[in-house]
Each structure stands twice: as C-alpha cells, then as structure tokens.
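Here is my note on the model you sent, written as numbered points so that each can be checked against the structure. I begin with the ligands and go on to the sheets and the backbone.

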Amino acid sequence: MTCSFSAAIRRVPGGAFAKTPKSQAMTAVPMQTSFGNLNTYFGSWPKRRSQFLIYGCLNPRRTNAIVSGSQGCGHVDIDVKDDADSATDIGSLYGGTPQSFPATGDGSSGGGPGPAEAALAAAHAAAAAAKCLGLGGVARRFKKGQKLAMVTAYDFPSSRLAREAGVELILVGDSLGNCRLGLPDTVGVTMEDMLRATSSVRRGVEARPGASVASPKPVVVGDMPFGSYLLLPDALRNAAAFRLAGAEMVKMEGGRHLAPFIEALTRAGIAVMGHIGLEPQKALLQGGLRLQGTTARSAAEIIRDAEELVKAGAVAIVIECVPVEVASAVQAAIPGVPVIGIGAGGEVAGQVLVCDDLLGVHGRPPSFVKMFADVGRVSANAYARYVAEVRTGEFPGEAHGRPMKPEELEKLKELLPLVVKSRASQVAKAKPDAAASPQGPQASSSLAHRQQGFVTNPIVGLGSTGGLGSLEVLPGGRFQALNFLGPRASPTFAAARHISQAASPGSPRLAVLPTRADLSAWRREASARGRRVALVPTMGNLHEGHLELVDQAKELADEVLVSIFVNPAQFAAHEDLDRYPRTLEEDLKKLRERGASAVFAPTPGDMYPHGSPGGTVVVPHFVQGRSEASCRPEHFTGVATVCLKLFNLCDPHVAIFGQKDAMQCVVIARMLEDLMLDERMSLVIAGTSREADGLARSSRNRYPTEGMRQKAPAIYRALLDSVQAAGATPLSVRSTVHQMLEREGMEVSYISVADARGMAEKPDSAELQNSIVSIACILKDNGVVSRLLDCIVVPGTGE
Ligand SMILES: Nc1ncnc2c1ncn2[C@@H]1O[C@H](COP(=O)(O)OP(=O)(O)OP(=O)(O)O)[C@@H](O)[C@H]1O
Ligand SMILES: CC(C)(CO)[C@@H](O)C(=O)[O-]
Ligand code: BAL
C-alpha cells in the first residue's frame, strides 16, 4: 500500500481536533486545535459524516476524486490491495465511524500503526468492501491461480455470512427446496421461491459488513429451477427475472443441448454458469444422486459437454459428483474458464458447497462434504435450553426485562390496585414451592436427604426440593445457588419431571448394545431421527441413585443411553476389580422399567483393543495428590480416559454424573473444558441420592456388614453437622468430622474442604462458602473392609 497523505485530523474528546502527522509537511495545522481554527484551513467540518479527515495530495496519475465538503483539504493517493479486482470506484476519502476501524494495522512501524495509519487502513478496508468483485474480478483471480470459493445462500443471514467470509461467488441454489422448504428434492422449487431468495441474498451482500471485512462483494448466481428453462423464451424471461432480483449470473443444469440457450442468454447480456456431471434436477434419469462419468465413455461425454457450453459462452462451469480425474480433465479441456467442483476433487479452479452441509445444519452431510461446524447440534441444544428455561421461569431473568420507574409504578398501583402487583409480591407468591410440586409436600420431605447437585456450563438447571439448594459452577469454580424464588428460578426437580413425563412418555423398548458397532448403528439412527441423547455412564449394579440419574436424563433429552462398563483402567491392582458386583440382567430389568432407551455394555476388549489402559490416556494432572486422587493416584486417569472414549462413541448432547463422586465430577468438567468438548455436549451433575437414614447410595454399599451398615449414616450426619455449625470454617469442619467419625470407630481416609475448580484444599480459616466438602471413610468389621464416599456442597451466598 502506498500513500502520500501527510496528516489525519480526528475529533478528540472535549470537542478539539488533533493532527496525527505522518510527516511535518502540513505545518500550518497545530498538533491540537479548535473547531474555529480548523475551519480556517478546511471550511466547515462535515459533522455528521465523519470522525476523521485525511490530508494529503492527489497523485496525478489517478482519478481526480475530490472529497466533497473538504474544501481546502488535499487529496490522497490510495493504492488499495485488491484494487485490480474491483469493478467500482473507491468511494469517499472520509473515514467511517471509529467502530469500523480494523483492530490492527500492517505493523510496519514497529510499535504498531499510529492512529493515522489505522485510519487509513480502515478507509482502505471500507473502500475495498464497498466494491463489487464482478465477473471480471472472478476471472482475474482465476487467471492468477487463486482458488475460488462458492457457497449457497438462501436468505439474508446466510448471504451476509458468506460475503463476510470473502467468498467469490454466492449461489442462490435450488437446494433451497430440500434445505429450507422441506421438499424431498430440488424439483418442487418455483421461480417465485427463487426470486424471493435471490432478492434476500442480494440484500445480504449489500448490507454493511463488519469492520474487519476488506473483501469485495461476491458475485450472486441464480440457480434456474426445474422447468424454468424448458423453452428458450422461458429461459430468457426467467433469467432476466433473476437479474432483476439481484443475480449477476444464472446457472443451468445440462449438457451441450443447452448451448443454443447459453448463446441466446449471453447475447441478451446475461452471463451463464453451466452445470454438468450429476444434475440433481435430472437425478431420476441419472440413476439417483450418484457418481457420474465413471466409465471412459461417459467421462468423455462430460468433457465434450463442457467444451460446447464454453463455446456457447458459459463463463464458468459447475461439475458435480464425478471422479477426481474427470473433473481435472474437464478443467484441462477448458483452461480459460473456471470449473467449480462439488464432490469432484480439488484439481479444479474452485469449490462449491451447500451452506447447510458445511455447517452441519441437518446432521451428517454426504461423504464428500466436510462439516466445518455442528450447527444442528448447537442449535438443538439452544432450543432445548430455551424451552426448558421458559417452562421453568428461568428465562426471562432480571436482565431480560425492564422495570417500570418506581414513581410511575406507584401511580399505576393507585389507578389499578387489584391488577398491579409489585415484584416482591410476585416472588412471595412463588414461595410455596413444595406445595406446588405434583408430588406434594410429603414427597418433598421424603427427598429432604437429596443434597442437590451442581451444574456446569453449558448450564442446564436442575432444581431442588430441599437441602442446600441446586448449584451452578461459575467460571473460576465459584458456586452460585440457583435461587428458586428469584428471577433465575430453576425448576423444582419434581416439576421438571412432571413436564417431561407429560411431553414424552418413557420408551417401552430398551435397546441392548453389546458392541461398539451396535452402539454406532443405534446412535446413527437417533441422529437421523433428530433425537437428543443423554448419556448416563455407570459401572452397573444399579441402585436407586443410578435410576434417579436416568430420571433426570429423561428430562434433558429424548433418548437415555446408559453405559455399563466396569472399567479396569480405574482400578489399582490391589482394588476390587474382580469382585466388583456385575448384575447385568437385573440392571437391564431396572432400566427397562425406568424407561431408558438403550444400554451400551461393552467388553473390556471392545473398549481397550490393545489392553487397558492403552497407549494414550487422559491425565488430569490438576487433581494429583489431592483428597481422593491422593488415595487412588491412577484412578482419575482411568476415569477420564474411559469417559472420553464413551463421549466419543456415544456422542451425547448431555452426560449426567452423580455428585457423590465429587472429584470425578470436577475432573470430567475440566476435561470437557480443557479438551474443548464443552461446545459439543453439556454436563449435568445430579444431587446425591440417599437412603432414608442419609447414607449415600452406592454399589459398594453391598460390601459392609450389618454392623457397619448401622454405623454408616454417621458419615452424612457428621458432614451436615460440621458444615451447619455456627461460624464453621474449613478447619472446624475437618476437625469436627474427624472427631465424630473416629468416635464411631471409623477411619477417615481424608476429609477435604476444597474449591470446586481445582479441588485444592482451602486454608483453615478461609470462607466455607463455595466449597466441596468430601470424605472417604474406611469401615472394618470382622475382617471385612469397606470404603465409603460422601460429599456435600456448600454454596455461596449468591451473586
Ligand atoms: N447415590 C448416588 N447419587 C447420585 N449419583 C450416584 C449415586 N451413586 C452413584 N452415582 C453416580 O452414578 C454414576 C455411576 O456410578 P457407579 O456405577 O460407580 O456407582 P457407584 O454407586 O458410585 O459405585 P461405587 O460404589 O463403585 O462408587 C456416577 O456418576 C456416580 O456418581
Ligand atoms: C464414570 C464411570 C462410569 C467411569 O468408569 C465410573 O467412574 C463411575 O461409575 O462413576
Ligand atoms: N463411582 C466411582 C467409581 C469407582 O470407584 O471406581
């Protein structure tokens, strides 16, 4: 970029004007000056139009553009980078508003560009983006050997995204039919549909792009729909209608028989893009949507078609679904015209994809498409969360509504005392939460031992019917209580279950999937049916705690997939891998009754084909040496590794874990974040399910003897008592729990008061709020040894 400007003058706060000199050539204007002084040099500043002014001199070799309203101001010589492509002129020398300045300059001045360079760069970008690439620009890029990117668009937003990404061509494709109109194929699309789409796409191209966009406006191509060019007069009339709606070119499917049409259209001033190989409008005759040109003869026909179309005047050719060599030969046969491939390999001038395919809007696209995002899944998640939050009242929250001015509210209350309620009275009305539960107050108190779970991002709220309330983990590991009475009110567990059961009764059939292949077939089918899948990973020997996870999963997704796998990698050599209870038949019966959809129950060989733990493992370093990880050093590597495998295989929208295994929850949450799986799936941590006497349910509760079982509830009691004591601190919790349990003859492996993000122990005198208090206890009786875990969460006081 070259430029002979000498200064930029900008408004600065306080109504003054500042000069940011490139050189001192314009000495007459001081570094900072007043409006009146500035007018002496430039005449009046065009207040509404601009934030800065560039002063310089016009290069006589170039256009004599003089900035309107800048009397006395010099001109600039701007050699815009992509200028050669442009079909239109450069626009004003006045810059835009500061928001449209690019964030960075070319960096040539060491410490980064000064304001003047930044202003100029912004002016260049805005000027470049205001131009149209045009057919000439496309041809020039092709001749330079630059690959061309074309993508379909059907409306304003898809067009705007394509334009901002810098594509050369936007195709208003007749794939509108199957992608957006719900038609079985492209055949039912009408000219009316296409013209409406074309005008929307044109508006997207013309819309002011983001500040960083410096690419010119792409060429818009209108796809002539089925039946719109059966006769030459139809073709002419319809192609002209496309031009009027905003397309610069039309595309027609067909071989050399279209040559006379292309000649006529070209003569009428309408540029044509041919389309050969697979012609979806003709799919019935071509044997379906399948690879074309597979024989030497048919390939030669395709090449001849391309030559004839180009002779007739086609300015570009789309080639669809042919072998790579055929597409390459077509490009070689018509070297002066760009060939744009789809499913035809990379040895052509450019590529075209259906935007919905590259975005993954409709699930997995055809094999030749690369999915660059999983918008379908992200959208499904967003919709589901929206519906759930509307139903539970979590949305709209305080931030999404505007309160009335208090004085006006008071007046309104006087006018309509019976109708207008204050916010406080609305909150008070919402208070009898348990009574509103479909299970009534009794059911609520029977759940009083359910100490509620916490929820990690993306947040899916599960409610509380007692205990310390449901919690959400904020970035940085802080807890926030989900306040049931306030504006962020989360569902009660019972209410949410009620909603979900009304909407989707439990599936009557349980699919049993013993192998990865069975799982993948089941998962594909669920995807094809657009079903949301919740995964509940377990090691089997299912108890009520597991089944409550299934209940919660049903609220969050359409299909509940439970995995049952006793994972060897998470057991140390001295642990109970061999005697861990395996009760598959009973488990299946329970899951059937509870309405789960499928059970994945692989063998160790299926999960670890090269032996456990395999060559690659996930090591959650951050918990090493802390509480449970200090007792079981390899355990969480085994857990994280198998969970990652399960997530990869099951591809769930959401996975549900139990809070009882607190460190496991933190490890999984961090793994999702660190390995960037959290955009693909959510994690919900459900509260601990307890027996009536408070003992946390666990498969290993099978081990204790009768004597131990009687003592075991003391664990939860100790946790609660210590945390609820007035003035409790981490120190007091640790010592109280030790004393209480040792008095019962139990051995405390550890009692941890830790922060939720890293499970680091809190200092003795720290705040107890936002802590995970977790414990492992060893019980011994007559030579039988049992190790029991429990955990409670102490929430913050709220934001
Ligand atoms: N009482 C419970 N409440 C809520 N979730 C639970 C409870 N018990 C287990 N879970 C959860 O069920 C999932 C599967 O756990 P697992 O199969 O290991 O059962 P478990 O009862 O924890 O077994 P173990 O006794 O071996 O620890 C885990 O996410 C676990 O946290
Ligand atoms: C998550 C899990 C299924 C992984 O094996 C296991 O650790 C468990 O059951 O908690
Ligand atoms: N629920 C934790 C699994 C284990 O102890 O291995």
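1. Ligand 1 is surrounded by 19 residues, and the closest of them are Y580, K660, D661, S698 and S699. Please keep in mind while reading this and the later points that the model is predicted. By class, the shell around ligand 1 is made up of ten polar, five nonpolar and four charged residues. Among the elements involved, β17, α19 (544-556) and β20 (654-658) each supply at least two residues of this shell.

2. The polar contacts of ligand 1 involve both side chain and backbone. An N or O atom in the side chain of D661 is 2.7 Å from an oxygen atom of ligand 1, while a polar backbone atom of S699 is likewise 2.7 Å from an oxygen atom of the ligand. The backbone of G658 also takes part, with an N or O atom that lies 2.9 Å from an oxygen atom of ligand 1. Taken alone, ligand 1 exposes 580 Å², of which the protein buries 95%.

3. Which residues lie around ligand 3? They are M539, Q570, R632, H635, D661 and R700, and by class they divide into three charged, two polar and one nonpolar. D661, which was named above for its side-chain contact with ligand 1, has a polar side-chain atom 3.2 Å from a nitrogen atom of ligand 3. Oxygen atoms of ligand 3 are approached by two other side chains, that of Q570 with an N or O atom at 2.7 Å and that of R632 with a polar atom at 3.0 Å. Taken alone, ligand 3 exposes 220 Å², and the protein buries 85% of that area.

4. The shell around ligand 2 consists of P537, T538, M539, N567, Q570, V639, V642, C643, F657 and Q664; by class, six of these residues are nonpolar and four are polar, and no charged residue is present. Q570, already met beside ligand 3, has a polar side-chain atom 2.6 Å from an oxygen atom of ligand 2, and a polar side-chain atom of Q664 also lies 2.6 Å from an oxygen atom of this ligand. Taken alone, ligand 2 exposes 290 Å², and the protein buries 89% of that. The elements that give two or more residues to this shell are β17 (533-538) and α23 (635-650), and α23 gives the most, with three residues.

5. Turning to the sheets, eight strands close into a barrel with parallel pairing, in the order β5-β6-β7-β8-β9-β10-β11-β12. Neighbouring strands of the barrel are turned by 25° against each other on average, direction ignored. Strand β5 (residues 148-152) pairs with strand β12 (residues 350-353) in the parallel sense over four bridges, and L148 stands opposite G350 in β12.

6. An open sheet of three strands, with antiparallel pairing, has the order β22-β23-β24. Why is one side of β22 and of β24 left without a neighbour in this sheet? Both β22 (747-754) and β24 (784-794) stand at the edges and have a single partner strand each, so one side of each remains without a neighbour in the sheet. On average, neighbouring strands here are turned by 10° against each other, direction ignored.

7. Within that open sheet, β22 and strand β23 (residues 771-781) pair in the antiparallel sense over seven bridges, and V753 stands opposite V773 in β23. Helix α26 (residues 714-724) packs on the sheet and touches β22, β23 and β24, with its direction at about 30° to that of β24.

8. Two backbone features deserve a look. Most residues other than glycine have a negative phi, and most peptide bonds are trans. Against that background, S612 and P613 are joined by a cis peptide bond, with omega of about 5°, and P613 lies in the loop between α21 (604-607) and α22 (627-631). S627, which is placed in helix α22, has a phi near 25°, a positive value in a residue other than glycine.

Note on methods: Residues numbered from 1 in each chain as written. Chains lettered and ligands numbered in written order. Predicted model: local features only at pLDDT ≥ 70, side-chain atom pairs only at ≥ 80, totals over all residues. Heavy atoms only, no water. Pairing = 2+ DSSP bridges. Axes fitted to C-alpha atoms, helices over the stretch in contact; angles between N-to-C directions. Contact = heavy atoms within 4.5 Å. Near = heavy atom within 4 Å. Polar contact = N/O pair within 3.5 Å; in protein donor to acceptor, adjacent residues only side chain to side chain. Areas by Shrake-Rupley, 256 points an atom, 1.4 Å probe, with all protein chains shown as cover. Nonpolar A, V, L, I, M, F, W, Y, C, P; charged D, E, K, R; others polar.
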